[in-house]
Amino acid sequence: MTGLEALPFLGETGHVISLVGGGGKTTLLYALARWYSAQGQRVLVSTTTHIQHPDANYAPDEAARDALWQAGTYAVAGVPAEGGKLTMPPHLDDWMAEADTVLLEADGAKHHPCKAPAAHEPVLLRSSDIVLAAAGLSAVGKPLQDVCFRLEAACTLLAVPPETPLTPALLAKLLADDAGGRKCVGTRKFYVALNQADDEARRAAGEQTLAILKETYDVTGYLTHFEEGERA
């Protein structure tokens, strides 16, 4: 059980889902891509910023994309960029129109379990109707300066110094605040995914965070856990 089965939009089609945050966001992205593909959907994975070039399922053209869809798997679209990454392709809108579900990585975290957005983040397309903010529970209890990308922005948002341990309350604020994970969301549906719920202590911290998210911010969140072979 990964926790994905609890997400309320999994049985639906036609969504453009933007993923923001850190802590296993790319793993979550591809887990969702596999899930939707297994339901027979044509799934397009891409980015509005940058994403790591995948080892498989890259579609450099329409023929490759259609072959992947016909094989029952997802297609990854992007223009090769520096550092082994892909950036947003110019034909993204056209390809999105052909897909049943679109999954977009809409910001970066440089492998940190949590983050605060920069002034230019996230990059949400107008057509995106769901935003899923991710964070890794490995960050809870550790100094903010050790686990958070864009530390200065996070300290300003949370009004704490860099050495402050990240508590469930601080993580909830980082994810749900309009200057945090909920930035630019507007009227889109918004959910939180707390990844790395790998053991009892992390699950307990995750449950605390979910309760605060719901009670303080009226945000619904979910715990997720991926085995080694499921991680991107």
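Two strands pair if DSSP finds at least two bridges between them. With that in hand, welcome to this predicted model. Strands E3 and E6 (residues 85-87) meet the rule, since three bridges join them in the antiparallel sense. They belong to an open sheet of three strands, and a second open sheet is formed by seven strands. The notes below walk through both sheets, the helices that lie across one of them, the empty spaces, and two buried leucines.

**The three-stranded sheet**

- The strand order here is E3-E6-E5, and the pairing is antiparallel.
- E3 and strand E5 (79-81) are the edge strands, each with a single partner, so one side of each has no neighbour in the sheet.
- From one strand to the next, the twist averages 40 degrees.
- If you want a residue pair to find on screen, try His50, whose bridge partner in E6 is Thr87.

**The seven-stranded sheet**

- Reading across this sheet, the order is E4-E2-E7-E1-E9-E11-E12, with parallel pairing.
- Strand E4 (75-76) and strand E12 (220-223) sit at the edges with a single partner strand each, so one side of each is left without a neighbour in the sheet.
- Strand E2 (residues 43-47) pairs with E7 in the parallel sense over five bridges, and Thr47 has Glu105 as its bridge partner in E7.
- Strand E1 (residues 16-21) also pairs with E7 in the parallel sense, over four bridges; here Val16 stands opposite Val102.
- Strand E11 (residues 189-195) is joined to E12 by four bridges, and the two run parallel. Ala193 has Tyr222 of E12 as its bridge partner.

**Strand E7 from the inside**

- Is strand E7 (residues 101-105) enclosed or open? Five of its five residues are buried, so E7 is largely enclosed by the rest of the structure.
- Thr101, Leu103 and Glu105 point one way from E7, while Val102 and Leu104 point the other way; all are buried.
- Glu105 is worth a second look: this bridge partner of Thr47 is also one of the residues that lie nearest the centre of the largest pocket.

**Helices across the sheet**

- Helix H6 (residues 168-176) lies across strand E9 (130-136) and E11, running at about 140 degrees to E11.
- Helix H7 (residues 200-217) lies across E11 and E12, and runs at about 170 degrees to E12.

**The largest pocket**

- The volume of the largest pocket is about 1,000 Å³.
- Its lining is made up of 41 residues, with Thr26, Thr27, Gln52, Glu105 and His111 nearest the centre.
- Helix H1 (25-38) and strand E3 (50-52) are the elements that give two or more residues to this lining.
- Which element gives the most to the lining of the largest pocket? That is H1, with five residues.
- Sorted by class, the lining has 18 polar, 13 charged and ten nonpolar residues.

**The largest cavity**

- The structure holds one cavity of 30 Å³ or more, and about 130 Å³ of space lies in the largest cavity.
- Its lining has 17 residues, of which Val20, Gly21, Lys115, Gly180 and Gly181 lie nearest the centre.
- The elements that give two or more residues to this lining are E1, strand E8 (114-115), E9 and H6.
- The cavity lining divides into ten nonpolar, four polar and three charged residues.

**Two buried leucines**

- Leu7 is found in the segment before E1. Buried means under 20% relative accessible area, so Leu7, at 5%, counts as buried.
- Leaving aside neighbours within four places in sequence, Leu7 is in contact with Leu32 and Tyr222. Tyr222 is the residue already met as the bridge partner of Ala193.
- From Leu7 to Val147, the separation is 140 residues in sequence and 26 Å in space, C-alpha to C-alpha.
- Leu144 has its place in helix H4 (residues 144-147), and at 2% relative accessibility Leu144 is buried too.
- Beyond residues up to four places away in sequence, Leu144 touches Leu151, Ala154, Cys155, Leu158, Val160, Pro162, Thr164 and Leu166.
- Leu144 and Asp55 lie 32 Å apart in space, C-alpha to C-alpha, and 89 residues apart in sequence.

Note on methods
Residues are numbered from 1 along each chain as its sequence is written. This is a predicted model: local features need pLDDT of at least 70, side-chain atom pairs count only at pLDDT 80 or more; totals for chains, interfaces and linings use all residues. Side-chain values use heavy atoms; hydrogens and water are left out. On a 1 Å grid over the protein atoms alone, a cavity is a set of points where a 1.4 Å probe fits but cannot get out, and a pocket is an open set with protein on both sides within 12 Å along at least five of seven lines; lining residues have an atom within 4 Å of a point. Grid points are joined across faces, edges and corners, and a volume is the space filled by probe spheres set on the points. Ala, Val, Leu, Ile, Met, Phe, Trp, Tyr, Cys and Pro count as nonpolar, Asp, Glu, Lys and Arg as charged, and the others, Gly among them, as polar. Contact means heavy atoms within 4.5 Å. Axes are lines fitted to C-alpha atoms, for helices over the stretch in contact, and angles run from 0 to 180 degrees between N-to-C directions. Buried means under 20% relative accessible area, exposed over 50%, partly exposed in between (1.4 Å probe, protein chains only).
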